[in-house]
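Hi everyone, thanks for coming. Let's have a look at this one together, starting with the whole chain and then going down to a few residues.

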Amino acid sequence: MIHCSTRTLANVILLLGSLWLALPAHAELSVTRGSQPGSSMAESAPVPEWVYTVRPGENFNEIASTLLARNVAANRLLQHNGIDNPATVGSGDTLRIPLAWLQRQPDPARVRSVAGQVQLISGSDSSKRPLTSDMLVRVGDEILSHSGTATVELADGSVVRISPNSRLAFNRLTQYGKSGMVDTRLRLNSGEIETQVKPVIEGGSRFEIETPSAVAAVRGTMFTLRTSPGKTDLRVTEGEVSFGPPGKTRRIPAGYSASVSTVGVGGMSIRQLPPAPTVNPLPPQLKQLPAQLSWQPNGASAHRVDIFDAESGRWMDSRRVTGDNFNIDLLDNGNYDIHLAALDSRGIAGMPGILNVEVDLQARTATLEQPEAGATVNDDMPEFRWQVHGENEVARVEIAADKEFGNLVATSEWAPDQSALPSRPLSPGQYYWRVVTEAGGNSVATSEARTLVVNGTLPPVRIISVNYVDSQVRVFWQNVDTAVEYRLQLSEEPRFNNIIKEATLSDTTAALRLIPGRRYFVRLKALSDGPLESRWGPGRELFLE
């Protein structure tokens, strides 16, 4: 038995030796240029590499300085590719670069748009602050949406839309120098996101989103990921996604959904998505809102409508609707992408029917109703009324002291109403008022202007003191801020039925010559620049001995 085993082993050794002799003396690595022989030592495991194609005008030294990490010398890349002379590297040639040799640098994401209440949780100190447009999101940060939504753009141009009541962590945002390759890893702890991932470069780029129950790895696709306790749902509308429990992923192509559950038996279920609904056409330019979006009945009990701003990607609206129509309303002027999808029995949206529309609303001039032109009112908070002629418009009243409206005294809030009260009480005087309408956020129309007089009285004038000097009496009275002049009356009896002297004065003092031994009475009223005046102030007795 021992002799048989020895003979078998010797035959195997002889067979291997003959095969080795049949090989060429120098086995070359797969390189484009170079005459250096490859290493005769086989690696125990393949090294992850990226094959770079040299572009026109590039040279080897530029490529090495741009792509290689600082601790990797350029001659190592030459040796790795079996190249003697770097000058021989030209356009169209390929270079194999181990991924571990590439530059790696964190590249923050940028917030493109925010609507509603959304917070950024700092990865450095866990502080919370409101998320705003153009804010940078760095590795370790989290976005927590409450009632709001946010759109985030990654360094490679991929877009992530975060729906309300979601929490998304940015675990890795790495870019390999200027190679175009990225390593992006996000974690969706709760809620829902919709992503549009740029095609990643084979061999190096990575884009993964983890949830508490599943992982999704993508290479250029559009998909929606929704997670809740014990369950994660995936919907793929473009490309394909490797999805499933960690270590057990499967490729899910466009047109399919998949669900991973950790409750009960668990596992993953895959279903075909409902087809895209047939959307009835709309005018490419909407001149008025609301406009009705409708579609052909398809047997679905409910649909989901999502409206996105085409420029910023902002999630403008998301609704679950029943029936076969939906009113598009309350949009500013701009371009929008409308996604309509049927919901399956699990509430997952199917393939979307996509419609692009432009909203181009034009404000129309309002017709003024009340008060009439030149009216006089006794109320310091008069009601203003008008009539609008456009749909989806907001308006406000503007009140000024001058007909050029250079100095607004009061306004009302912007509202879709046709009446309003001024923002503060109006002092007695003459005013100009008009109504400004706005549509689409940037189209404005202004009505004609009307005059209005607010009745009232100036404060009564109170005499402060009286000085007697020889046969002259000097009277001093209190200043009234809104008065331009004062009317003085002198009488010999307290009822002022018989006025013996009356004068209009611009100062707050007057000198009177009186006959000694007689009693007189004096009083004053304030006068404005318009029709307003004060009541007569209390009379004051004068007596010169």
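Before anything else, when I say contact, I mean heavy atoms within 4.5 Å. And keep in mind that what you see is a predicted model.

Okay, so take the contacts in the protein chain with a separation of 6 or more: 57% of them are between residues 24 or more positions apart. For secondary structure, we've got three helices and 43 strands. The chain has 545 residues, and 43% of them are buried. About 29000 Å² is exposed, with carbon and sulfur atoms supplying 48% of that.

Now let's pick out one sheet. It's an open one made of three strands, in the order S28-S30-S33, with antiparallel pairing. S28 (367-370) and S33 (419-420) are the edge strands; each has a single partner strand, so one side of each is left without a neighbour in the sheet. S28 and S30 (residues 384-387) are joined by three bridges. Look across there and you'll find Leu368 opposite Trp386 in S30.

Next stop, Asp141. You'll find Asp141 in the loop between strand S7 (136-137) and strand S8 (142-145). So which side chain of opposite charge is nearest to Asp141? That's Arg138, 5.8 Å away, and buried Asp141 has no salt bridge. The backbone of Arg138 is another story: its nitrogen lies 2.9 Å from a polar atom of the Asp141 side chain. Skipping neighbours within four places in sequence, Asp141 also has contacts including Leu120, Ser122, Leu168 and Phe170.

Right, that's my tour, over to you.

Key
Residues numbered from 1 in each chain as written. Predicted model: local features only at pLDDT ≥ 70, side-chain atom pairs only at ≥ 80, totals over all residues. Heavy atoms only, no water. Helix = DSSP H or I, 4+ residues; strand = E, 2+ residues; numbered from the N terminus. Buried < 20%, exposed > 50% of the residue type's maximum accessible area, 1.4 Å probe, protein only. Lys, Arg positive; Asp, Glu negative; His and termini not counted. Salt bridge = Lys/Arg side-chain N within 4 Å of Asp/Glu carboxyl O. Polar contact = N/O pair within 3.5 Å; in protein donor to acceptor, adjacent residues only side chain to side chain. Areas by Shrake-Rupley, 256 points an atom, 1.4 Å probe, with all protein chains shown as cover. Pairing = 2+ DSSP bridges.
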